[in-house]
Amino acid sequence: MNRWTGKVAVVTGASSGIGAAIAKDLVKAGMVVVGLARRVECIEALKLDLQESIRSRLHAIKCDITKEEDILQSFKWAEENLGGVDVLVNNAGILPSTDLLDAGNTENLCAVLNINVLGLVICSREAYQSMKKRSVAGHIIHINSIAGHSVMDLPQLSIYPGSKHAVTAITETMRNELRNAGTKIKVTSISPGIVRTDILPEALINDDILETVDISNAVLYVLGTPPRVQIHELTIKPVGEKF
């Protein structure tokens, strides 16, 4: 991680769960972190978990990933105040609370696609433009899911597996575009199994699931690889998971 010391990382959905763990651990690893979330006060509260000497390296920016203007303003802030973006962690995502064929669920379906897919693509686009502008060999990381590779028979997954399958395809498309553009920018998809977070349905919570720190450690691992190494897909499952 030494080459990232003092570099700037943007983490979406940084107010809780996996995003909060990633934001804190990147600061501890020496990076300057811009945490994006609607609940910006929750990111501010994360600073209390950090040593006082490094708290100033965590910046909280209010951003609704479903609104392009919010995303553009957030990356503009990062450029004007911190010089630009070197690492992007696309963590923001939601699980639906509806079945795919439920009546009147259009708003719910659109929200999942807007956050899990379109928001991820727009954030990646803006991060890429910042990296390209400064000839930075940066890194874009998507927090995907095992649901992006297979479809589990669970209630109310709805369009979620479809959104995560899109992330899997987008990762490959992005890798091709980054290569064809002649850049050294990496892109990685990290696909966890069940993780203990606020959005996890209560029926799936037990002692044998992943913790947020497991995913944060994975982010540190892929960032810590040498410039010649690109981990394209990293799947993480708890021991004994049946999916």
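What share of the contacts in the protein with a separation of 6 or more comes from residues 24 or more positions apart? Keep that in mind while you click around; this is a predicted model. The answer is 70%.

**Start with the whole chain**

Show everything as a cartoon and colour by secondary structure. You should find six helices and seven strands. Walk along the sequence and they come up as β-α-β-α-β-α-β-α-β-α-β-α-β. With a radius of gyration of 17 Å, against the 18 Å that the globule rule gives for 243 residues, the protein is close to the rule and so as compact as a globular protein of that length. Switch to the C-alpha trace and turn it along its principal axes: it spans about 45 × 45 × 35 Å.

**Now the surface**

Turn on the surface next. The protein exposes about 11600 Å², and carbon and sulfur atoms supply 51% of that. As for what is hidden, 49% of the 243 residues count as buried.

**Then the charges**

Select Lys and Arg in one colour, Asp and Glu in another. There are 25 positive and 27 negative side chains. The centres of these two sets lie 9 Å apart.

**Last stop: Gly-240**

Go to strand E7 (233-236) and carry on into the segment after it, where Gly-240 sits. Is Gly-240 buried or exposed? Its relative accessible area is 73%, and anything over 50% counts as exposed, so Gly-240 is exposed. Now add Asp-208 to the selection, 32 residues away along the chain from Gly-240. Draw a distance between the two C-alpha atoms, and the separation for Gly-240 and Asp-208 is 7.6 Å.

Methods
Residues are numbered from 1 along each chain as its sequence is written. This is a predicted model: local features need pLDDT of at least 70, side-chain atom pairs count only at pLDDT 80 or more; totals for chains, interfaces and linings use all residues. Side-chain values use heavy atoms; hydrogens and water are left out. Helices (H or I, at least four residues) and strands (E, at least two) are DSSP runs, numbered from the N terminus. The radius of gyration is taken over C-alpha atoms; the globule rule is 2.2 Å times the number of residues to the power 0.38. Buried means under 20% relative accessible area, exposed over 50%, partly exposed in between (1.4 Å probe, protein chains only). Contact means heavy atoms within 4.5 Å. Accessible areas come from the Shrake-Rupley method with a 1.4 Å probe; for residues, only the protein chains shown count as cover. The place of a charge is taken as NZ of Lys, CZ of Arg, CG of Asp or CD of Glu.
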